[in-house]
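Visitor: I would like to go through this model term by term. Could you show it to me first?

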Amino acid sequence: MTRIPLIAGNWKMYKTGTQAVAAAKQLADLADGVNGVDIMIAPTALSLPLVAAALGKDSRIRLGAQNIYPGKEGAFTGEVSAEMIKDAGADYVIIGHSERRQFFGETDESVSSKIRAALDAQLIPVMCIGETESQREADKTFFILDKQISDGLKGFDLEELDSLILAYEPVWAIGTGKTAGPDQVKEVHGFLRNLIKEKYAEALAGKIRILYGGSVKPGNIKELMRLEDVDGALVGGASLNPEDFNKIIRF
Ligand code: PEP
């Protein structure tokens, strides 16, 4: 089963609308002619419509949001729905990023309801999972990942998960410059694919894309992408610079 790799850039709370448009256009020029890889950038929700208009509907660079609110609409001051994100020009949404779990109280239950909202709005969910440093040290990595998957995907049936993308992001490797070693990544990605096989079906396990995230840079992407169960990367810091991100998508 061939899985088209996805390289996704999470711009977090960086770049004004003007800066986001300039960076997206520069990236589109640099990435011209790159084949065999899906490319996604996730600017702030505010910049999404601006970047979508600047890139145009047929751009190789697809757009994602960094979060959604699970409700369809209503009196939820400050929030943005999946339908609004879709309407702004995004195809993807990152759900359950560790910064959202850490700073905004996201739980596996809220992740589950956001995945539901994303699927209802025809957005592709990129579900982030990963252990903290203390969980790894306590030998709880696989227990935590199993729980995040089991609770985050509770109640979904096989067909619903067809478009789901997983992003394994060890929390201790995000923004720290520490990358999980090839053996650690290989072990966890293999574990996750097997978990999907056991909980759902071999067919889904064979097609689901599992991204690695955590201090991915132009200098380590090749080694990561050579690993059997790594189907792409979720990139934070290095995605902010179009030249670096271009090197990463050309792994
Ligand atoms: C991220 O934010 O998902 C991430 C992996 O960040 P960084 O690449 O900066 O570690």
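Visitor: Why is valine 216 called buried or exposed?

Guide: Welcome! This is a predicted model, in which local features need pLDDT of at least 70, side-chain atom pairs count only at pLDDT 80 or more, and totals for chains, interfaces and linings use all residues. Residues are numbered from 1 along each chain as its sequence is written, and side-chain values use heavy atoms, with hydrogens and water left out. Now to your residue: buried means under 20% relative accessible area, exposed over 50%, and partly exposed in between, with a 1.4 Å probe and protein chains only. Valine 216 has a relative accessible area of 2%, so it is called buried.

Visitor: Where does valine 216 lie, and what is it in contact with?

Guide: Valine 216 lies in the loop between strand S7 (209–213) and helix H10 (221–225). Helices (H or I, at least four residues) and strands (E, at least two) are DSSP runs, numbered from the N terminus. Contact means heavy atoms within 4.5 Å. Leaving aside neighbours within four places in sequence, valine 216 is in contact with Ile221, Leu224, Ala233, Val235, Ala238 and Ile248. Threonine 179 is 37 residues apart from valine 216 in sequence and 7.0 Å apart in space, C-alpha to C-alpha.

Visitor: What makes serine 215 and its phi worth a remark?

Guide: Its phi is near 55°, a positive value in a residue other than glycine. Most residues other than glycine have a negative phi. Serine 215 is also found in the loop between S7 and H10, and its relative accessibility of 9% is why it counts as buried.

Visitor: Why does lysine 15 count as buried, exposed or partly exposed?

Guide: Its relative accessibility is 24%, so lysine 15 counts as partly exposed. Lysine 15 sits in the loop between strand S1 (6–10) and helix H1 (17–30), and its phi, near 75°, is positive in a residue other than glycine.

Visitor: How do you know that leucine 161 is buried or exposed?

Guide: Leucine 161 has 1% relative accessibility and therefore counts as buried. Its place is in the loop between helix H7 and strand S6 (165–168). Not counting residues up to four places away in sequence, leucine 161 touches Leu153, Phe156, Tyr200 and Leu204.

Visitor: What makes strand S3 enclosed?

Guide: S3 covers residues 61–65, and four of its five residues are buried, so the strand is largely enclosed by the rest of the structure.

Visitor: How do you know which strands pair with S3?

Guide: Two strands pair if DSSP finds at least two bridges between them. Strand S2 (residues 38–42) and S3 have three bridges and pair in the parallel sense; isoleucine 39 has isoleucine 61 of S3 as its bridge partner. S3 and S4 run parallel and are joined by two bridges, with valine 93 in S4 as the partner of alanine 65.

Visitor: Which way do the residues of S4 point?

Guide: In a regular strand the side chains alternate between the two faces of the sheet. In S4 (residues 92–95), Tyr92 and Ile94 point one way and Val93 and Ile95 the other, and all are buried.

Visitor: What makes a set of residues a nonpolar core, and which residues have the most contacts inside the largest one?

Guide: A nonpolar core is a set of buried Ala, Val, Leu, Ile, Met, Phe, Trp, Tyr and Cys residues joined through side-chain atoms within 4.5 Å. The largest here has 68 residues, and those with the most contacts inside it are Ile7, Ile41, Ile115 and Tyr212. Apart from it lies another core, of twelve residues, among them Cys128, Ile165, Leu211 and Leu234.

Visitor: What does isoleucine 115 touch?

Guide: Not counting residues up to four places away in sequence, isoleucine 115 touches Ile95, Pro125, Met127, Gly152, Leu153, Phe156 and Leu164.

Visitor: Why is serine 98 called buried or exposed?

Guide: The relative accessible area of serine 98 is 12%, so this residue is buried. Serine 98 is found in helix H4 and touches Val171 and Ile174, not counting residues up to four places away in sequence.
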